[in-house]
Amino acid sequence: MENKNKIIQFVHCTKCIDELDDGDSPRNNARYEVGFTKKGIQVWCITHEINIAHFDLCGNKVAMV
């Protein structure tokens with residue numbers, strides 16, 4: 001299996017973005033938890049204890065790859 005990052009659009013905490021120093025990358029400061037919920041998948045900012053995104057899978061099953 002190919003192990004390659006295929007992300008085409010990243011999701012970041014807006015508060016973390018606001019706190020970045022000029023020229024710094026969000027990747028250097030990201031502290032996120034990602035996991036399954038009863039409805040889908042949630043991205044949570046550990047630093048600010050806030051929801052970044054919650055994707056509703058509408059009851060569809062997801063295959064782990």
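This text walks through a predicted model, from its strands to its core, cavity and pocket. Residues are numbered from 1 along each chain as its sequence is written, and side-chain values use heavy atoms, with hydrogens and water left out. In this predicted model, local features need pLDDT of at least 70 and side-chain atom pairs count only at pLDDT 80 or more, while totals for chains, interfaces and linings use all residues.

Start with the strands. Helices (H or I, at least four residues) and strands (E, at least two) are DSSP runs, numbered from the N terminus. Two strands pair if DSSP finds at least two bridges between them. Strand 1 and strand 2 run antiparallel and are joined by 5 bridges. One pairing sets Gly 35 against Gln 42 in strand 2. The two strands make a hairpin, with 3 residues between them. Strand 2 also pairs with strand 3, again antiparallel, through 6 bridges. Here Trp 44 has Asn 51 of strand 3 as its bridge partner. Strand 2 and strand 3 form a hairpin too, with 4 residues between them.

What is the phi of Glu 49, in the turn of that hairpin? Phi of Glu 49 is positive, about 55°, although Glu 49 is not a glycine. Most residues other than glycine have a negative phi. Cys 58 is another non-glycine residue with a positive phi, near 55°. Cys 58 sits in the segment after strand 3. Cys 58 is exposed, because its relative accessible area is 63% (buried means under 20%, exposed over 50%, partly exposed in between; 1.4 Å probe, protein chains only).

Ile 46 shares the loop between strand 2 and strand 3. Ile 46 counts as partly exposed because its relative accessible area is 25%. Ile 46 is in contact (heavy atoms within 4.5 Å) with Arg 31, Tyr 32 and Glu 33, leaving aside neighbours within four places in sequence. Ala 30 is 16 residues from Ile 46 in sequence, and their C-alpha atoms are 8.7 Å apart.

Now the core. In soluble globular proteins, nonpolar side chains tend to be buried together. A nonpolar core is a set of buried Ala, Val, Leu, Ile, Met, Phe, Trp, Tyr and Cys residues joined through side-chain atoms within 4.5 Å. The largest one has 6 residues: Cys 13, Cys 16, Val 43, Cys 45, Ile 52 and Ala 53. Strand 2 (40-45) and strand 3 (50-56) are the elements that give two or more residues to this core. Cys 16 touches Cys 45, Thr 47 and His 48, not counting residues up to four places away in sequence.

Next, the empty space. Rolling a probe the size of a water molecule over the atoms shows where such space is left. On a 1 Å grid over the protein atoms alone, a cavity is a set of points where a 1.4 Å probe fits but cannot get out, and a pocket is an open set with protein on both sides within 12 Å along at least five of seven lines; lining residues have an atom within 4 Å of a point. Grid points are joined across faces, edges and corners, and a volume is the space filled by probe spheres set on the points.

How many cavities of 30 Å³ or more does the structure hold? There is 1. The largest cavity has a volume of about 40 Å³. Its lining consists of His 12, Cys 16, Ile 17, Leu 20, Pro 26, Asn 29, Ala 30 and Tyr 32. Helix 1 and helix 2 are the elements that give two or more residues to that lining. By class, the lining has 6 nonpolar, 2 polar and no charged residues (Ala, Val, Leu, Ile, Met, Phe, Trp, Tyr, Cys and Pro count as nonpolar, Asp, Glu, Lys and Arg as charged, and the others, Gly among them, as polar).

The largest pocket holds about 480 Å³ of space. It is lined by 14 residues, and Ile 7, Gln 9, Phe 10, Val 11 and Tyr 32 lie nearest its centre. Helix 2 (26-29) and strand 1 (32-36) are the elements that give two or more residues to this lining. The lining residues divide into 9 nonpolar, 4 polar and 1 charged.

Finish at Ile 7, in the segment before helix 1 (14-18). Ile 7 is partly exposed because its relative accessible area is 47%. Leu 20 is 13 residues from Ile 7 in sequence and 22 Å away in space, C-alpha to C-alpha.
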